[in-house]
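This briefing looks at how a ligand is held by its protein. Which parts of the chain surround the ligand, and where are the polar contacts?

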Amino acid sequence: MDVTIGTACGKVILFGEHAVVHGVPAIGLGIDRGAQAKVRPASDGLNRLRIAQWAIDVTETDDHSLARAFRAVLGEGEQAQAIDVEASSDLPPGAGLGCSAAMGVALVRARHPNASLAEVVDRAMAWERIFHGNPSGIDAAIAAQGGGVLFSRGAGATPIRIRGELILCVANSGIGSSTKSMVEAVAALHRAESSRIGPIFEEIGAIVALGGRALEVGDSHAVGALMDRNHNLLKQLAVSIPELDAMCSIARGRGALGAKLTGAGGGGCVVALAPNHEVASNITEGWGAMGLDAFVTIVSAVSTSAHRASPAVEASL
Ligand code: PMV
């Protein structure tokens, strides 16, 4: 068995998080940060996963969520050679940028270099379920596919052809949150107040439809306005927090066309759309002055397909 490398991209959800868990479509974009996994035959016969930057070193039988996720990816009863995996990511974990899905997809790709896109996503979902309980699948779909993706639980992932480029500014609040508990909280709210929450999901669905068209015609002002509307609806789902609202306000005050939390909320990241690079610097400087980690990522039809992950084989190490 050769040494193999799998890669996958991180993501931002531009429209539709949370509602997507309840069957509404959502739109996400692959970004130029992600994860990598390097797989080599294990010399001691043990399946082992190491993530040096997080001081993780587990074997598949350990009592650790990453070990359980690793076990799920390896598959029950598959008689294969034991592997040693070295994984890394330049995404902050637990911040809504799809770090866990990117790592799962990278690992599956490295382990199964010839797997189809559908197989990769399917196996990565086993990994995702360990961390997220009831994931919609959008993170794994974007991690595997990259680019602009329209996703729904029923129809799966469809590529969106983005016209022009999107200059996205992303900032991490540094406040940790659990996607699993945020998703459970929204589900509980939906059960308790279905007549209020149902229409919010429907409105988010309308934003997703308009947002998809705006992306395809390159109408960034419309995209930005829809991001603002989506953020307000996420506030009504009680997944925003004052810190995220403040980060969005700063971005808007510094010229963003729109801003919203991205991912599960409760902490994690916000994403803002800048009309040009100068405004993007202005926005990230504003966040930097608050002591936040921020970066700019450019998404376009060309750049995102270039970030599409694919397995690579190293001749030797
Ligand atoms: O894992 P996160 O924080 O990017 O959240 C994913 C988006 C949710 O809609 C909140 C959950 C899901 O599974 O779709």
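The points below cover the site, its contacts and its surroundings. The model is predicted. In it, the ligand occupies the largest pocket, and 16 residues surround the ligand.

**Nearest residues and polar contacts**
- The residues that come nearest to the ligand are K11, H18, S136, T179 and A264.
- K11 places a polar side-chain atom 2.6 Å from an oxygen atom of the ligand.
- H18 contributes through its backbone, with an N or O atom 2.9 Å from an oxygen atom of the ligand.
- A polar backbone atom of A264 lies 3.0 Å from an oxygen atom of the ligand.

**Burial**
- The ligand taken alone exposes 370 Å², and the protein buries 96% of that area.

**Make-up of the shell**
- Strand 1 (3-15), helix 4 (138-145) and helix 5 (179-192) are the elements that each give two or more residues to the shell around the ligand.
- By class, the shell holds seven nonpolar, six polar and three charged residues.

**Position relative to the domains**
- The ligand lies between domain 1 (2-160 + 306-313) and domain 2 (165-300), because both domains give residues to the shell around the ligand.

Technical notes. Residues numbered from 1 in each chain as written. Predicted model: local features only at pLDDT ≥ 70, side-chain atom pairs only at ≥ 80, totals over all residues. Heavy atoms only, no water. Near = heavy atom within 4 Å. Polar contact = N/O pair within 3.5 Å; in protein donor to acceptor, adjacent residues only side chain to side chain. Areas by Shrake-Rupley, 256 points an atom, 1.4 Å probe, with all protein chains shown as cover. 1 Å grid on protein atoms, 1.4 Å probe; cavity = no way out; pocket = protein on both sides within 12 Å on 5 of 7 lines; lining within 4 Å. Sits in = over half its atoms within 2 Å of the grid points. Helix = DSSP H or I, 4+ residues; strand = E, 2+ residues; numbered from the N terminus. Nonpolar A, V, L, I, M, F, W, Y, C, P; charged D, E, K, R; others polar. Domains from an automatic or database assignment.
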